[in-house]
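This report goes through the fold, the core, the polar contacts and the backbone of one protein chain. The sequence and the model come first.

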Amino acid sequence: MRILLPFIGALLFISQSALALDVKQRFDHLDKNNDGYLTHSELAAQPQLLNSFSNWDENQDNRISLAEFKNYLTTNLL
């Protein structure tokens, strides 16, 4: 059992790191102008994301930061 705990911990760390990288990659793919924010125009081709834009945009500044993107995904989709 003692041997399993560090192994399980390592697997959880790796899976969380992979998830964080995947979220970042998805964000970067959507961020067409590489300014670190997603806007309505960048999400125009993603109607399922655009329709819930106001839910993602926590501070209502009409753009979605990486932190808002991660927060929404982890709170609502995972």
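What share of the contacts in the protein chain with a separation of 6 or more comes from residues 24 or more positions apart? The share is 32%.

## Overall architecture

The model is predicted. The protein chain holds 4 helices and 2 strands, and from the N terminus these elements follow the order α-β-α-α-β-α.

Of the 78 residues in the protein chain, 23% are buried. The accessible surface of the chain is about 5,600 Å², and carbon and sulfur atoms contribute 60% of that area.

## Nonpolar core and aromatic residues

The largest nonpolar core consists of 12 residues: V23, F27, L30, L38, L43, L49, F53, W56, I64, F69, Y72 and L73. Helices α1, α3 and α4 (66-77) are the elements that each supply two or more residues to this core. As a general tendency, nonpolar side chains in soluble globular proteins are buried together.

Across the whole structure, the search finds 3 aromatic pairs. F27, W56, F69 and Y72 belong to one aromatic cluster, and these four names also appear in the list of core residues. F53 is another member of the core. With residues up to four places away in sequence set aside, F53 touches L38, T39, H40, L43, N62, R63 and I64. Among these contacts, L38, L43 and I64 are listed in the core.

## Strand β2 and residue S65

S65 is located in strand β2. Is S65 buried or exposed? The relative accessibility of S65 is 17%, so the residue counts as buried, given that the cut-off for buried is under 20%.

Leaving out residues up to four places away in sequence, S65 is in contact with F27, G36 and Y37. F27 belongs to the largest nonpolar core and to the aromatic cluster. Y37 has a further partner in R63, which lies over the face of the Y37 ring at 3.6 Å from the ring centre.

## Salt bridges

How many salt bridges does the count give? The count comes to 3. In one of them, D22 pairs with R26, and the closest N and O atoms are 3.1 Å apart. D22 and R26 are 4 residues apart in helix α1, so about one helical turn separates them. D22 is partly exposed, at a relative accessible area of 28%.

K24 and D28 also meet through their side chains in a salt bridge, with an N to O distance of 2.9 Å. Both residues lie in helix α1, 4 residues apart, or about one turn of the helix. K24 is partly exposed at 33% relative accessible area, and D28 is partly exposed at 35%.

D61 forms a salt bridge with R63, where the closest N and O atoms are 3.3 Å apart. D61 has a relative accessible area of 30% and is partly exposed. R63 is likewise partly exposed, at 32%. R63 thus takes part in a salt bridge with D61, lies over the face of Y37 and touches F53.

## The loop residue H40

H40 sits in the loop between β1 and α2 (47-50). The relative accessible area of H40 is 39%, which means partly exposed. Apart from neighbours within four places in sequence, H40 is in contact with L50, F53 and N62. F53 in turn touches both H40 and N62.

Where does H40 stand relative to R63? The two residues are 23 residues apart along the chain, and their C-alpha atoms are separated by 7.4 Å.

## Backbone at N34 and Q60

Most residues other than glycine have a negative phi. N34 is not a glycine, yet its phi is positive, at about 55°. N34 is found in the loop between α1 (4-30) and β1 (37-38). With a relative accessible area of 63%, N34 is exposed.

Q60, also a residue other than glycine, has a positive phi near 55°. Q60 is placed in the loop between α3 (53-56) and β2 (64-65).

Note on methods: Residues numbered from 1 in each chain as written. Predicted model: local features only at pLDDT ≥ 70, side-chain atom pairs only at ≥ 80, totals over all residues. Heavy atoms only, no water. Buried < 20%, exposed > 50% of the residue type's maximum accessible area, 1.4 Å probe, protein only. Contact = heavy atoms within 4.5 Å. Areas by Shrake-Rupley, 256 points an atom, 1.4 Å probe, with all protein chains shown as cover. Phe/Tyr/Trp six-rings, centres within 6.5 Å; stacked < 30°, edge-to-face > 60°. Lys NZ or Arg CZ within 6 Å of the ring centre and 35° of its normal. Core = buried A, V, L, I, M, F, W, Y, C linked by side-chain atoms within 4.5 Å. Salt bridge = Lys/Arg side-chain N within 4 Å of Asp/Glu carboxyl O.
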